[in-house]
Amino acid sequence: DLSSKQEKSKPNAKETLENGIIVALDLTDEILKSLVSNGLVALAERNAIDNEILVDWTDDLADIQLSIPLDGDITLSSQVLLQEQGFRVYPDLGRFAITSAIQKSLASTNQKVSSDEYY
């Protein structure tokens with residue numbers, strides 16, 4: 001039966017969530033490596049997300065929270081100086097790139113992605 005074959009080949013919502021978050025975390029790691037290798041930050045890492053948290057998230061029982069410290073941002077002084085001169089510049093290049101990558105990875109899942117920054 002063709003319809004049963006199509007249903008088997010089509011990922012269900014949970015598989016779509018799992019695939020989306022795995023891609024999002026991989027992209028996040030790549031962005032962090034790129035920030036460091038291109039000299040924009042001295043150190044960039046994210047907290048580990050264990051399988052139990054992923055399962056709870058895909059079952060809609062919990063949220064996933066990433067903590068991503070960026071140390072030694074070489075652009076920070078320039079951005080602060082521009083802010084002091086009245087320009088609306090916010091020191092969030094890494095945050096913007098990571099949030100955008102996660103949103104794109106999870107676009108088909110209708111998941112809300114938000115980010116905050118702390119100094």
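**A tour of the H2 packing partners and Ala62**

Begin with helices H2 and H3, whose axes cross at roughly 135 degrees and come within 9 Å of each other. The model is a predicted one. An angle over 145 degrees would count as roughly antiparallel and 65 to 115 as roughly perpendicular, so this pair falls in the remaining class; H2 and H3 are therefore oblique to each other. Their crossing is right-handed.

Next, select Lys14, Leu17, Glu18, Ile21 and Leu25 on H2, together with Leu54, Trp57 and Thr58 on H3; these residues form the meeting of the two helices. By class, the contact of H2 with H3 comprises five nonpolar residues, one polar and two charged.

Keep H3 (51-58) in view and move into the loop that links it to strand E2 (70-71), where Ala62 is placed. Ala62 has a relative accessibility of 29% and therefore counts as partly exposed. Apart from neighbours within four places in sequence, Ala62 contacts Asp56 and Trp57. Trp57 also belongs to the H3 side of the contact with H2.

Now return to H2 (residues 13-37) and add H5 (residues 93-105): their axes lie 8 Å apart, and the packing angle is about 160 degrees. H2 and H5 are therefore roughly antiparallel to each other. This crossing, too, is right-handed.

To display the contact, select Gly20, Val23, Ala24, Leu27, Thr28, Ile31, Leu32 and Leu35 on H2, then Gly94, Ala97, Ile98, Ala101, Ile102 and Ser105 on H5. Coloured by class, the selection shows 10 nonpolar and four polar residues, with no charged ones.

How values were computed:
Residues are numbered from 1 along each chain as its sequence is written. This is a predicted model: local features need pLDDT of at least 70, side-chain atom pairs count only at pLDDT 80 or more; totals for chains, interfaces and linings use all residues. Side-chain values use heavy atoms; hydrogens and water are left out. Axes are lines fitted to C-alpha atoms, for helices over the stretch in contact, and angles run from 0 to 180 degrees between N-to-C directions. Helices (H or I, at least four residues) and strands (E, at least two) are DSSP runs, numbered from the N terminus. Angles under 35 degrees count as roughly parallel, over 145 as roughly antiparallel, 65 to 115 as roughly perpendicular and the rest as oblique. A crossing is left-handed if the near helix is turned anticlockwise from the far one by less than a right angle, and right-handed if clockwise. Contact means heavy atoms within 4.5 Å. Ala, Val, Leu, Ile, Met, Phe, Trp, Tyr, Cys and Pro count as nonpolar, Asp, Glu, Lys and Arg as charged, and the others, Gly among them, as polar. Buried means under 20% relative accessible area, exposed over 50%, partly exposed in between (1.4 Å probe, protein chains only).
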